[in-house]
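Me: Hey, can you walk me through this structure? I'm new to this, so plain words please.

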Amino acid sequence: MQAPHTVTVALTGASGLPYGLRLIDQLVAAEIRVWVLYSQAAQVVAKQEMDLHLPSRPSEVQQWLQQRTGAKTGQLAVFGREEWFAPVASGSNPADAMVVCPCSMGTLAAIAHGMSDNLIERAADVSIKEGRKLILVPRETPFSVIHLENMLKLARLGVVILPPSPGFYTHPASVDDIVDFVVARILDQLRIPNSLMPRWGDTPKE
Ligand SMILES: Cc1cc2nc3c(=O)[nH]c(=O)nc-3n(C[C@H](O)[C@H](O)[C@H](O)COP(=O)(O)O)c2cc1C
């Protein structure tokens with residue numbers, strides 16, 4: 001897979017919104033076109049874990065993200081839960097790749113069962129049927145058999161299951177370092193060059 005031109009990022013109501021926002025920042029900085037989707041539960045979690053007010057209107061979230069990331073006009077678009085005329089809703093115009101980050105167990109289950117009940121689920125369903133790269137960043141602990149079976153089913157379909165499991169061998173000094181560890185792994189999966197983390201084996205031995 002070459003580096004994508006367009007990536008869809010879906011924010012759902014699992015803990016870990018900082019991963020999703022940092023990912024969007026990095027994609028914009030890499031001059032990728034970004035389409036953003038977010039669930040109602042993501043708004044609740046944003047308030048709880050980041051004290052962040054994510055407005056219900058996609059146009060307001062778009063304006064906020066545009067300011068936050070410095071995205072160029074037309075580089076970033078935010079779509080609503082039932083915006084069925086959004087490009088991601090159709091196999092005729094999907095993004096090159098999609099990342100659900102963080103991914104709740106509810107959305108994971110819905111994707112595993114092809115529910116397509118909202119734009120996030122539909123866009124993921126389209127990604128699978130069109131053979132586009134789909135990365136899920138599932139967050140729950142411990143995982144139940146239901147969660148694990150859903151993940152196994154998706155992994156067998158070629159979906160990348162990328163849990164936010166930071167390594168500590170890089171000696172993270174801050175929460176930002178831990179977030180970057182996970183975001184670097186996602187960018188690697190997307191083949192987007194990044195230097196968020198030192199590469200294993202690149203550091204000369206003393
Ligand atoms: C503060 C907070 C943290 C949550 N953390 C998680 C989580 O880590 N994983 C998860 O699967 N659900 C979590 N939930 C529950 C989901 O938000 C809930 O199941 C919701 O229906 C998911 O909807 P969505 O998939 O449409 O975003 C959390 C909810 C709240 C309010």
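**Around the ligand**

Reply: Sure, starting at the ligand: one of its nitrogen atoms is 2.7 Å from a backbone N or O atom of arginine 139. That counts as a polar contact, meaning a pair of N or O atoms within 3.5 Å; within protein, one must be able to donate a hydrogen and the other to accept it, and residues adjacent in sequence count only if both atoms are side-chain atoms. The protein covers 62% of the 640 Å² of accessible area that the ligand has on its own, with areas from the Shrake-Rupley method and a 1.4 Å probe; for residues, only the protein chains shown count as cover.

Me: Wait, where does all this come from?

Reply: It's a predicted model, where local features need pLDDT of at least 70 and side-chain atom pairs count only at pLDDT 80 or more, while totals for chains, interfaces and linings use all residues. Residues are numbered from 1 along each chain as its sequence is written, and side-chain values use heavy atoms, with hydrogens and water left out.

Me: Okay, how many residues surround the ligand?

Reply: There are 14, and the closest are Gly13, Ser39, Ser104, Thr107 and Arg139. A residue is near a molecule or strand if one of its heavy atoms lies within 4 Å of it.

Me: And which backbone atoms sit by the ligand's oxygen atoms?

Reply: A polar backbone atom of glycine 13 is 2.6 Å from a ligand oxygen, and a backbone N or O atom of methionine 105 is 2.8 Å from a ligand oxygen.

Me: Which helices supply at least two residues of that shell?

Reply: Helix H2 (40-50) and helix H4 (105-112) each do. H2 gives the largest share, four residues. Helices (H or I, at least four residues) and strands (E, at least two) are DSSP runs, numbered from the N terminus.

Me: Switching to H4, how many of its residues are buried?

Reply: Six of its eight are buried: Met105, Thr107, Leu108, Ala110, Ile111 and Ala112. Buried means under 20% relative accessible area, exposed over 50%, and partly exposed in between (1.4 Å probe, protein chains only). Their cover includes strand E4 (97-103), helix H5 (119-129), strand E5 (133-138) and helix H6 (145-156).

Me: What about the sheet, in what order do the strands come?

Reply: Six strands form an open sheet, ordered E3-E2-E1-E4-E5-E6, with parallel pairing. Strand E3 (76-79) and strand E6 (160-161) are the edges, each pairing on one side only. Two strands pair if DSSP finds at least two bridges between them.

Me: How many bridges join E1 and E2?

Reply: Six, between E1 (residues 6-11) and E2 (residues 33-38). Threonine 8 has tryptophan 35 as its bridge partner in E2, and valine 7 stands opposite valine 34 there.

Me: Last one: is threonine 12 buried or exposed?

Reply: Buried, because its relative accessible area is 1%. Threonine 12 sits in the loop between E1 and helix H1 (17-29). A polar atom of its side chain lies 2.7 Å from the backbone oxygen of proline 102, and one lies 2.8 Å from the backbone nitrogen of serine 104.

Notes: Contact = heavy atoms within 4.5 Å.
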